[in-house]
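Me: I am new to this structure and should like to go through it by question and answer. Please begin with the terms that will be needed.

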Amino acid sequence: METQVLKLVCEDFQGAVDTADLIYNLFPEDIHSVTRIISNSKNFALSCPNEQSRVVARTSLRLCWVRECPGSCGGLHLCKNFLFSGTCHFTKSSKGCNFSHELNSTHNQELLRQHGLESLGRGALCTLLLQSNERLLPSICHDYNNGDGEFGRCKDGNSCSRLHVCEKFLSRDCSCSRNHDFSAQQPRKTLCDKGVPATLFCSLKSVYANKEALRWSDNISGRGQRANRQQKSGEGSADANDSDASCDAGLNLDQRQGYRGRGRGGVQGYRGNRGNRGNRGNRGNRGNRGNRGRGGNQGNQPPHQRACSLSDIFANIDNLDLYGAEPSDDVSIGGGRHHQASSAVRGRGGNRGNRGNYQQLQRSRSISDIYAAANGDDRPNRGQRHVRDKTEICMYFIKGHCKHGEQCFKAHDKMPYRWEVKEGDKWTALAENETIEKDYCDPKNSYSTSTPPVHFDTMTCGFNQVRRISTVNSLVEPTFIHTTEWVWYWQDEFGNWNLYASDIGGHKPADITSAQLEQKFLDNNKDVVEFKVGSQTYSLSFQDMIQTNKHYGTKRVVCRRPRFVSAADVQSKRVRRPLNQPMSAPVPDHWDKNQLPPTGFSRISLQRTSDEFKEVEALFCKTMRGFDVVKIERIQNKSLWEVFQWQKNMMKTNNSGCNVAEKKLFHGTDSKYVDAICHSNFDWRICGSHGTAFGKGSYFARDSRYSHSYTGDTDVKSMFIARVLVGDYTLGSSDYRRAPSKDGGDINFYDSCVNDMMDPSIYVVFEKHQIYPEYLLQYKTMHPLVAFSVLH
């Protein structure tokens, strides 16, 4: 299983993955085995330099740099250029290359087996070695990242042998004046001098971020080892940072600050035993000053006993007490206090009741929370335990099982939302939960149809206060199922609610989507966001939930509501998809969500006045004249869209993280095949073939004029405009049943075939997952002679 986990992290996640995602989403049925595996510091490192616990793959295997090495080096005998790209330009030179290009040689296979890497392909192995081996890539210039000016403090300027790239950019978004592009002049030259091909540039950000995470993890481990050595050698109480190093490896930043920054008693004084100043290295046994320490006797436990690994914690997970005594429902983090829940809710203003606690819900608690519980709840004399208010629903319980049971710090419910009423000091679940939720998700409703009704604007039921708790935001955990998707609407002059970036209702779509607004709201819920609709500029105030036209001053009410999920929807998502199956992908914001069937497809007619209609029509008319467009329909098929997005992500991963070429192409067909294509996608074996000159696959054309020839002989003709992932293509042949290999092997294949490499106008695709039938265009000839003259 360790090989499976390592392969998954390297091939599917570019060398690193969130700890909680790996443990709970990908291997929920075998949590203990996975935690034991990732605790193996030989192949994995646990890191959380940016408040998010992550598992980073590593290896001690290195390349051998000795020419004609006899084989006793313990290093991989492989050409660096071949490792990077699968090819080596030196093989074509007169001298040839002095290093091996055989990954599967006996020497290499034995080494790979010893290191547990025998199942990795060249690309995944390249990722692993790049982030584990300091010698393969140039380092980031620290001097460039300090000081002012074009080159910071770096005196070498463009001739520097280190990379002039912003260090902050590697682990987070950054908008400073320093360089954020590995393809810029100085980084490109430095990387090329090191033999790094341009095809790897787009994946270097994650590689360098992983290298930094490994250094961070090694520093933490080194400090913990030094603390243990000092303890054993009688050097006295180690520094606080050293003594808690190994435990801190699992804590996020806020938790580390919270535990280290409050050294005045109880668990809050847990700072390397400094709360108890006794036993200072047994310095003359000075009266055992520990009893004078403000932390009581909590500091008597030696640091090496408190240090615990991930597997240690999970081995005793059932016995952990995640809820110690607390003075109130507030949660102390990093010395500050944040209210866990707020009940002042104003529903029309975008579910402002969740504003009090949405900061707490921005990031779902991961394995670091368990570390915090394990390290923090070890007080020998706890008082009476107060149950913490649970304001977020556990996604794992919805899926079927939560390991922590009643000790889980999240609420357990079979639905991703729960409506509760406050009776006295206790929150009680309302009976008509799904009915209330469905009414609330429709922005036009101010009241629920339940008995008694819930007033959404005041979040009250009669004289009692009401609240809604739910799972974590879908933008915070995009790969999880059962998350809550929030949707943004604005109210027009007729009282209708319109989804942002949608042209339904005859309005021009905004240049900002609902998902983009939600992300900005999560980043700063007091922000004022500007966007455009056509030629008009608008501002949206999150505090007021008001949209204002900056030219005319017209104001519109804005609303933020969750996407409705029924009990049937939850049941259909409860079974985890196999690892080789696509995860759920959000549908485009401009789709009509009210006409999105759970299975099958819907055909949505576009209004002629909409920009979407005009864009498709213009694409069609680019090479077609003299035809009347009868109707343009958008095909909404959620299953096909998810498979298409999964295919795109997989091709992007195989392309070293670089974007894959995607085109909008035409496909003419007989009207009798239209519904089959909308339902099950293109399949040349079912829908027929009009020639196989460039391969036995589905044919698409750059020009609508070409596809017109294959639309049948009906008066109203049908033509699809499809999204096609053409990727890397090559010249086609009638013998091809799939795209040919790039190097003659059985691993690297082209993605599609074309009729002309210099100016392709016909594309042949062999995998239907690379296609999404986006629009169906129906048209008729104005006059037969007109059409004949156009086509000839």
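Reply: Buried means under 20% relative accessible area, exposed means over 50%, and partly exposed is in between (1.4 Å probe, protein chains only). The model is predicted: local features need pLDDT of at least 70 and side-chain atom pairs count only at pLDDT 80 or more, whereas totals for chains, interfaces and linings use all residues. Residues are numbered from 1 along each chain as its sequence is written, and side-chain values use heavy atoms, with hydrogens and water left out.

Me: Is Lys638 buried, exposed or partly exposed?

Reply: Lys638 forms a salt bridge with Glu642, the closest N and O atoms being 2.5 Å apart; such a bridge is a side-chain nitrogen of Lys or Arg within 4 Å of a carboxyl oxygen of Asp or Glu. Its partner Glu642 has a relative accessible area of 7% and is buried. For Lys638 the relative accessibility is 25%, so this residue counts as partly exposed.

Me: In which helix do Lys638 and Glu642 lie about one helical turn apart?

Reply: Helices (H or I, at least four residues) and strands (E, at least two) are DSSP runs, numbered from the N terminus. An α-helix has 3.6 residues a turn, so residues three or four places apart point the same way. Lys638 and Glu642 are 4 residues apart, within residues 638-654, which form helix α21.

Me: Which residue forms a salt bridge with Glu110?

Reply: The partner sits 3 residues from Glu110 in helix α5 (residues 106-114), about one helical turn away. Glu110 is partly exposed at a relative accessible area of 34%, and Arg113 is likewise partly exposed, at 47%. The closest N and O atoms are 2.6 Å apart, and the partner is Arg113.

Me: How far apart are the closest N and O atoms of Glu212 and Arg215?

Reply: These two residues are 3 places apart in helix α8 (residues 204-232), so about one helical turn separates them. Glu212 is partly exposed at 41% relative accessibility, as is Arg215 at 34%. They form a salt bridge, and their closest N and O atoms lie at a distance of 2.8 Å.

Me: How many salt bridges does a search of the whole structure find?

Reply: The pair Lys638 and Glu642 in helix α21, with their positions 4 residues apart, is one example of such a bridge. Through shared partners, salt bridges also join Glu615, Lys648, Glu662, Lys664, Arg723 and Glu774 into one network. Over the whole structure, the number of salt bridges found is 30.

Me: Which strands stand at the edges of the open sheet?

Reply: Two strands pair if DSSP finds at least two bridges between them. The open sheet has 4 strands in the order β7-β6-β9-β8, with antiparallel pairing. A strand with a single partner is left without a neighbour on one side, and this is so for β7 (426-429) and β8 (460-461).

Me: Which residue of β7 stands opposite Lys422?

Reply: Strand β6 (residues 417-423) is joined to β7 by 4 bridges, and the two run antiparallel. Opposite Lys422, the residue in β7 is Trp427.

Me: At what angle to β6 does helix α17 run?

Reply: Axes are lines fitted to C-alpha atoms, for helices over the stretch in contact (heavy atoms within 4.5 Å). Angles run from 0 to 180 degrees between N-to-C directions. Helix α17 (residues 433-441) lies across β6 and β9 (464-470), and its angle to β6 is about 105°.

Me: How many aromatic pairs does a search of the whole structure find?

Reply: Rings of Phe, Tyr and Trp (its six-membered ring) pair if their centres lie within 6.5 Å; planes under 30 degrees apart count as stacked, over 60 as edge-to-face and the rest as tilted. Ring pairs link Trp591, Trp641, Phe644 and Tyr772 into a cluster. The search yields a total of 20.

Me: Which helix gives the most residues to the largest nonpolar core?

Reply: A nonpolar core is a set of buried Ala, Val, Leu, Ile, Met, Phe, Trp, Tyr and Cys residues joined through side-chain atoms within 4.5 Å. The largest one has 53 residues, of which Leu22, Ile38, Phe182, Leu191 and Tyr208 touch the most other members. The leading contribution, 6 residues, comes from residues 122-132, which form helix α6.
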